[in-house]
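Okay everyone, thanks for coming. I'll put the structure up and then walk you through it piece by piece.

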Amino acid sequence: MKKRGLEMQAHWIFILIAGAIILAFFFSIVAKQKSLSEQKISITLSANIEAVFSGAIESKGTAQLLTVPKDGIDFDCSEACDCNFWIGDKSTSFRDKIIFAPKKVIGQDATAWSSEWKLPFRVSNFLYITNPNVKYYIVYVPNTNSARIFDRINKTLPPGLNIAVLKDPGAVPSIPYEGFQETKFVFLDVPDSSINLAGLDTAFRKKDVSAVNIHQNTITFYEKEPGELYFTSGTSPFVGEALMFASIFSADKQMYDCGLQAAFLKLNHVAQIIYGRAKMIQQNLSLSKPECVYVLGDFNALMQLSGEFSSGIEFSQKIPGITAAANAIARENKNLILLSCPEIY
Amino acid sequence: MQNKRSQMEIMGLVIIVILVAIGMLFAIQFLLKKPVGRETAAVKESTLAANFLNTMLSTTTDCFDRNVRELLQDCALTGGATNCFGMSSCDYAADQIDMMLEDTLGKWNKDYYFTISGAPDVEKIKFGEECKYCEREAKIHPVPVRPGFEISLMLEIYG
Amino acid sequence: MRHKAQIKMFETMAVLVIFFFLLVGGAAFYFQIQKSSMQREIDKQQQLIAFQVVQKALFLPELDCSFVSIQKDNCFDKLKVKQLSLLLNDPENEDFFIDYFNVFGFADIKVTQIYPRVNQTFVYTLYKNIPDDYSSIISTQSPVLLFDAVENRYDFGIVEVDVYAE
């Protein structure tokens with residue numbers, strides 16, 4: 001009798017142990033598979049989104065909606081200008097694309113808008129990404145240069161952006177926190193003394209807030225210290241409308257500066273090619289069309305300055321030089337058109 | 001005892017049938033799947049057809065430096081009045097188009113069918129063989145001749 | 001009694017053996033499907049990358065034709081092609097070549113004039129970077145207009161892009 005009792009218990013213990021081992025085995029397989037699947041999805045999504053970015057950047061002037069993955073897309077540029085976008089744990093480099101986007105795009109569909117940068121010839125397209133979770137407050141002063149900049153921006157920005165307009169910089173501290181993931185104040189040539197970000201609603205203290213102040217050819221970035229309503233500022237140059245928009249959509253000064261360097265590197269390359277082309281045309285037409293004279297001295301300045309800027313050398317003081325060279329090339333090009341000569345660009 | 005045994009045997013058979021059915025499901029799924037890259041190939045062929053027509057129409061010929069578009073417009077409007085090296089603009093345009101098709105799609109062993117519609121003189125320009133039941137990517141490119149009158153170029157690439 | 005116990009033991013062992021056979025068989029089948037699915041995904045991504053390289057080549061600002069600052073689509077300026085080719089193939093200009101690796105990766109890009117047929121054909125290797133080992137080549141040809149600024153005419157050309165997958 002005793003033996004039978006023991007046999008029963010041993011039988012059940014055996015079943016429990018064997019069952020537990022089998023279940024543990026299958027659970028571990030499932031967990032491993034889940035992790036592998038998630039990685040596979042991240043990799044596939046990253047590749048697909050990169051393809052979407054490539055397509056979007058070529059369709060200049062158009063804005064399109066992008067479906068954003070559930071966990072969002074993170075954008076980041078390191079100090080060495082290693083710029084990546086992240087989907088889950090998978091990071092993908094921007095490579096040759098010049099992208100300006102907030103730190104994180106999540107929730108609603110993103111708007112991808114591209115614009116070409118010319119100086120004076122087409123150099124590159126920039127891709128701007130944002131979504132309705134980012135609130136932009138555009139602040140300008142009526143009847144000043146500020147209003148002129150506002151008109152330009154208002155005509156050019158695509159629809160679907162979450163924008164509010166303020167005509168008084170003094171109204172900024174009274175703006176309540178509305179629950180947006182990120183808030184950006186865009187001041188249009190507003191005197192620095194009129195900007196009071198420290199006086200913002202205390203609800204903004206732990207939230208993502210930043211600002212830019214767009215001047216004639218520089219941009220001041222205001223970045224908030226975490227947990228405080230204290231902002232540090234830094235200045236970067238800009239030349240051309242496309243870079244002005246870049247500062248609005250850029251996550252921070254670092255991303256903007258990296259995009260700026262990449263843009264000037266591209267300018268250097270394109271300038272070398274156009275310069276070489278102009279010299280070849282000059283050689284070919286020297287006898288048949290002697291009136292077609294190509295004055296290319298300004299290209300040297302353009303190539304030299306763009307080469308310096310692309311390696312990150314402090315360039316604020318030299319921006320007028322590059323603008324002057326670009327304008328001179330544009331005038332030269334116009335003259336050649338009037339003479340029915342092949343254009344420089 | 002006998003009942004339970006036969007019941008268990010039936011259960012065993014049922015499990016085997018279920019496993020075989022699942023296996024067949026997987027096998028059929030794979031057999032019916034399109035080969036990889038077919039979707040990308042379709043987009044490439046569609047872009048190829050569109051790019052070919054765009055490029056061909058803007059190409060300058062040696063006939064008074066007119067491009068193919070202008071020659072076709074002349075052909076549609078006047079029946080080929082312009083003289084290009086002893087040929088009508090229609091024949092000359094057809095010749096140049098044939099050359100471009102042969103040196104590209106022909107050399108790449110791609111079957112194609114090129115036609116123009118909209119005017120009797122241009123409708124004579126046809127190259128390749130139509131394949132009604134082949135997988136194809138086609139592009140139609142309208143060319144205005146004058147207000148209210150246009151011709152259409154169609155290029156089908158079979159793959 | 002003893003025989004009964006032994007039979008029961010054998011029965012249990014047999015069940016376990018068959019169970020593990022089925023498990024291993026199922027796992028092998030599953031992993032084979034996974035491998036095949038992964039390979040399809042890799043091939044698909046490679047096609048996508050190749051397509052992107054072609055699009056980049058076709059829309060390069062370095063090569064575009066523009067008139068009074070208006071860009072003409074699907075058009076390369078012949079002199080720009082020549083100049084870019086010279087710069088990219090200049091052994092003393094390695095930095096220039098490295099910058100374009102970010103754009104094209106491992107690829108071979110050639111521009112050839114098809115029409116008009118001339119004695120001295122316009123053929124330029126724009127960019128060539130072939131890895132030592134590669135698993136496949138994805139080739140794409142695309143018609144493109146070639147603008148001659150000196151003669152002011154458009155020729156018919158082809159851009160051939162071979163993308164190498166490692």
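So, start in the largest nonpolar core, which has 150 residues, and where A:Leu127, A:Phe187 and A:Leu188 touch the most other members. By nonpolar core I mean a set of buried Ala, Val, Leu, Ile, Met, Phe, Trp, Tyr and Cys residues joined through C-beta atoms within 7 Å. Buried, in turn, is 20 or more other C-beta atoms within 10 Å of the residue's own, exposed is 12 or fewer, and partly exposed is in between, with C-beta atoms placed from the backbone. The element that gives the most to this core is H4(A), with 16 residues. When I say helix or strand, those are DSSP runs numbered from the N terminus: helices are H or I with at least four residues, strands are E with at least two.

A bit of housekeeping. This is a predicted model, where local features need pLDDT of at least 70 and side-chain atom pairs count only at pLDDT 80 or more, while totals for chains, interfaces and linings use all residues. Residues are numbered from 1 along each chain as its sequence is written, and chains are lettered from A and ligands numbered from 1 in the order in which they are written.

Back to A:Leu127. Leaving out residues up to four places away in sequence, A:Leu127 touches A:Phe53, A:Ala56, A:Ile57, A:Lys97, A:Ile98, A:Ile99, A:Ala112 and A:Ser114. Touching, or being in contact, is having C-beta atoms, placed from the backbone, within 7 Å.

Now have a look at A:Val105, in strand S6 (residues 104–105) of chain A. Is A:Val105 buried or exposed? It's buried, because 26 other C-beta atoms sit within 10 Å. Beyond its neighbours within four places in sequence, A:Val105 has contacts that include A:Val68, A:Ile73 and A:Ile129. A:Thr92 is 13 residues away from A:Val105 along the chain, and their C-alpha atoms are 15 Å apart.

Next, the sheet in chain A. Six strands make an open sheet in the order S10-S9-S11-S12-S13-S14, with mixed pairing. Strands count as paired if DSSP finds at least two bridges between them. Strand S10 (163–166) and strand S14 (231–237) of chain A are at the edges with a single partner strand each, so each has one side without a neighbour in the sheet. From one strand to the next, the twist averages 20 degrees.

Let's zoom in on strand S12 (residues 208–214) of chain A. Six of its seven residues are buried, so S12(A) is largely enclosed by the rest of the structure. Strand S11 (residues 182–188) of chain A runs parallel to S12(A), joined by seven bridges, and A:Thr183 stands opposite A:Val209 there. Strand S13 (residues 218–224) of chain A runs antiparallel to S12(A), with five bridges. In that pair, A:Ala211 has A:Tyr222 as its bridge partner, and the hairpin of S12(A) and S13(A) has three residues between the strands. Moving outward, S13(A) and S14(A) are antiparallel over seven bridges, with A:Glu223 opposite A:Thr232.

Helix H2 (residues 145–156) of chain A packs on the sheet, touching strand S9 (134–139), S11 and S12 of chain A, and its direction makes about 125 degrees with that of S11(A). Those angles run from 0 to 180 degrees between N-to-C directions, using axes that are lines fitted to C-alpha atoms, for helices over the stretch in contact.

Over to chain B for a moment. Strand S5 (residues 136–146) of chain B and S6(B) run antiparallel, joined by 10 bridges, and B:Pro144 stands opposite B:Glu150. Their hairpin has two residues between the strands, and B:Gly148 takes a positive phi near 85 degrees in it.

Last topic: how the chains meet. Where chain A touches chain C, 24 residues of chain A contact 24 residues of chain C. On the chain A side, H4(A) gives the most, with 11 residues. That side has 12 nonpolar, seven polar and five charged residues. For those classes, Ala, Val, Leu, Ile, Met, Phe, Trp, Tyr, Cys and Pro are nonpolar, Asp, Glu, Lys and Arg are charged, and the others, Gly among them, are polar.

The contact of chain C with chain B takes 22 residues from each chain. On the chain C side, H1(C) gives the most, with seven residues. Okay, over to you for questions.

Key: Contact = placed C-beta atoms within 7 Å.
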